[in-house]
Amino acid sequence: MTLMRLIPTVVFAFSCATFVLPAAPLAAQQTRQLTADDYARAESFLGASTGSLVSGLPGQPTWLEDGRFWYRTTTAAGAAFITVDPARGTRSAAFDNTRLASALAAATGGQVRADQLPLQGLQFSTDASSITLTAANRRWTCSLQDYTCSPADTARAGAALNAPRASVTSPDGRHAAFIRDHNLWVKDLTTNEDRQLTTDGIEDFGYATNNAGWTRSDVPVLLWSPDSRRIATFQHDSRGVSEMHLVSTVAGPPVLESWRYPLPQDSAIFRIHRVIVDVENARTVRLDMAPDQHRSTISDHIADGSTFLDVEWYPDASHVAFVSSSRDHKHAVFRVANAETGAVRTVFEERSPTQFQSAFAAVGTANWRVLPATNEVLWWSQRDDWGHLYLYDLGTGALKRQITSGSWNVGELVRVDASARMLYFTGVGREQGRDPYFQHFYRIGMDGSGLRLLTAENANHAIRLSPDGAYFVDTYSTPTEPPVSVLRRTNDGAVVVELERADISRLVATGWKPPEPFVVKARDGQTDLYGLMFTPTRLDSTASYPIVNYIYPGPWGSSVGSRNFSPARSDHQALAELGFVVVVIDGMGTEWRSKSFGDFYYGDMGDNTLPDQIAGMRQLAERHRFIDIDRAGMWGHSGGGFATAAAMFRHPDFFKVGVSQAGNHDNRLYEDDWGERFMPLMQSENGAAVWESQANQLVAANLQGRLLLAHGVMDSNVPPYNTYLVVDALIKANKDFDLIIFPHQRHGFGVDNNYMMRRRWDYFVKHLMGAEPPTEYQIGRPRT
């Protein structure tokens, strides 16, 4: 109970009750009272309300064997399904909604609305003459010729249904690989027989283990060979690595959750002993090399879901190419292994004074490709301060040429047309006078010639390529302009047919308005920073509004996020409707610009781009008299929680109110891979002192304003002890602060997220605006 007595307001948010310890107010009560109607109006600007007011938003295209594709699009009434024939340049309804609804109603015995067809798991037949779907808890096949529906033949789907839930199915669909008792097994999806492939896996040294500390799963990490005969994976060595422990809150004995969780001070982190498994013979081939550190060039995990990152099979499955990364990410080695013998050959390597990555993290996949047919390797590097493509000789490891160049970045290598020697990729920053974060689509010859822009519109372009590479769906938009979707030819970017043009008229009719893009100078007074500003839709330019900064400081990810159009970005506009100006600014030290920009605060994660945020906010206040820069607040989650607390502690004269959620306040208590990519290793000279200097609890005594901390007790990503360290320091410094603990929630707060949002609104209303919020308003509750 000592903690409860010392903290002014502590809230323990349980699923069934809320226990609040009241405290005397720290400031006099203000006369202005916000009402439930004010909050309800703000809530109407959240995505749950605004998303349904936009129509003409297409889903992912699904390509058919005859070259056509279909997609689902939103309409004012519900949804429509469209079929497109690229060869003919036509777009038409995939089926007659009314007739299909009648057919489904007759088959299921229920009522089916034409504008709300229950088309779960929709699949078209090869010739698109029928569809298979789930309705009324069973599968149906419906003819699009005579519009009759009958129970589907489930024999064909039986194999997929037999696959274990946590498994990875082979390319030929015959086997599913899964983990049992630390070993790799396969299930024959025809006979339903389980067969063990490895036998020596044990606890802390199992096969295909999906554990990065901060995230873990029962799904194995592996890569099937193209012929489905082999599996590239590893034996995951966690022996000697730290453990993390969380304790559940229950009525009765608490339950301990423990798992291996490497920390920066560990002398040994996760290691992977690479192997290739022959599925038919259950033979394990160990690669002839020392174990690799648990590192990839693209993520702080070696997996994306179940996909083994930085690994690529030769088309004939004779060899596998991969990248070994050092613990500190400064050294990447490209290697090739013989799948039959396990012999390993080093082809080339690259070193970076800070950290090497093979693509921007947001891309999600490495930008290198092995081309054994021409004895070449495509490689992505920021060695000249920009992310570009390079061509290496696979045999000698010699650099043949730099393919792209200039003060711009290759984003994602989307397609390699080896026969035509042509590359297709997204890029940012090349088109002058445009937002440098807008992604465009390009092609270029592998000899570096013929660079061509395929998407000319001044917008952010999202690309979906056809399987044969002949066409692509291009959906382009900006933060202020709704999306347009077109089908283009890949060779020249010419539009074949317009697919959708989003309609936001119903959204605008509610009073909605888009955020205002802006450009400000960074702390150096020279570098351009880009951001968005959200103001009340009923803005009074003669009034004075407090300013709230939402932050995610990077180094991967950023505050603004996607440059695509969105009817609601987080709760930024909703908060603005309560009487705030809300800003998001991508400061120096975030991705998509030059490497020097992205590495700006390498070695000093405590920087958190905060001087850039302050500089940008001051400039906005100079431009807009309605911004009261003396009432500045900040909030953020995870890395943003770390940054918010740092803002309150390191810049107390500027930031008056902060809401810090799930922050990794001391990276010594967070997973190893995150900090070790952007900081010198703790084991290096002065490394321990550098890490310690950036811990928030060491400067917590500087707090002057109002700070609300929040964390989930079961947060297995950023353990709650990060926040507890700050709480302890604040108590020792005799500081007033507020704390919300979610006993059952993990990193994202889950079902309690709406509660956290409301408490965040309340906090800014009360302490930054100086008004009173309505009592216990409930976000998400149906209202009449």
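The exercises below work through strands, turns, one residue environment, cavities and loops in a predicted model.

Residues are numbered from 1 along each chain as its sequence is written, and side-chain values use heavy atoms, with hydrogens and water left out. Because the model is predicted, local features need pLDDT of at least 70 and side-chain atom pairs count only at pLDDT 80 or more, while totals for chains, interfaces and linings use all residues.

**Exercise 1. Describe the surroundings of T132.**

Solution. Begin with the secondary structure: T132 is found in strand β8, residues 130-135, where strands are DSSP runs of E with at least two residues, and helices are runs of H or I with at least four, both numbered from the N terminus. Next, take the accessibility: T132 has a relative accessible area of 19% and is therefore buried, given that buried means under 20%, exposed over 50% and partly exposed in between, with a 1.4 Å probe and protein chains only. Then list the contacts, meaning heavy atoms within 4.5 Å: leaving aside neighbours within four places in sequence, T132 touches G121, L122, Q123, R139, W140, T141 and A152. Finally, the side chains of T132 and T141 make a polar contact at 3.4 Å; such a contact is a pair of N or O atoms within 3.5 Å, and within protein one must be able to donate a hydrogen and the other to accept it, with residues adjacent in sequence counting only if both atoms are side-chain atoms.

**Exercise 2. Which strand is joined to β8 by three bridges, and what is found in the turn of the hairpin?**

Solution. Strand β7, residues 120-124, runs antiparallel to β8 and is joined to it by three bridges, pairing being assigned if DSSP finds at least two bridges between two strands. In this pair, Q120 stands opposite T134. The hairpin has five residues between its strands, and A128 in the turn has a positive phi of about 60 degrees.

**Exercise 3. Set out the order and the edges of the open sheet that contains β27.**

Solution. The sheet has four strands in the order β27-β28-β29-β30, with antiparallel pairing. At its edges stand β27 (311-313) and β30 (344-351), each with a single partner strand, so one side of each is left without a neighbour in the sheet. The twist averages 15 degrees from one strand to the next, with axes being lines fitted to C-alpha atoms, for helices over the stretch in contact, and angles running from 0 to 180 degrees between N-to-C directions. Within the sheet, seven bridges join β28 (residues 319-325) to β29 (residues 331-338), and S324 stands opposite V333 in β29.

**Exercise 4. How many cavities of 30 Å³ or more are there, and which residues are closest to the centre of the largest?**

Solution. On a 1 Å grid over the protein atoms alone, a cavity is a set of points where a 1.4 Å probe fits but cannot get out. The count comes to five cavities of 30 Å³ or more, and the largest holds about 110 Å³ of space. Of the 16 residues that line the largest cavity, Q355, Q357, E591, G598 and D599 are the closest to its centre, where lining residues have an atom within 4 Å of a point.

**Exercise 5. Where does P555 lie, and what kind of peptide bond joins G554 to it?**

Solution. P555 lies in the loop between β45 (545-550) and α7 (572-577). The peptide bond joining G554 and P555 is cis, with omega about 0 degrees.

Definitions and conventions: On a 1 Å grid over the protein atoms alone, a cavity is a set of points where a 1.4 Å probe fits but cannot get out, and a pocket is an open set with protein on both sides within 12 Å along at least five of seven lines; lining residues have an atom within 4 Å of a point. Grid points are joined across faces, edges and corners, and a volume is the space filled by probe spheres set on the points.
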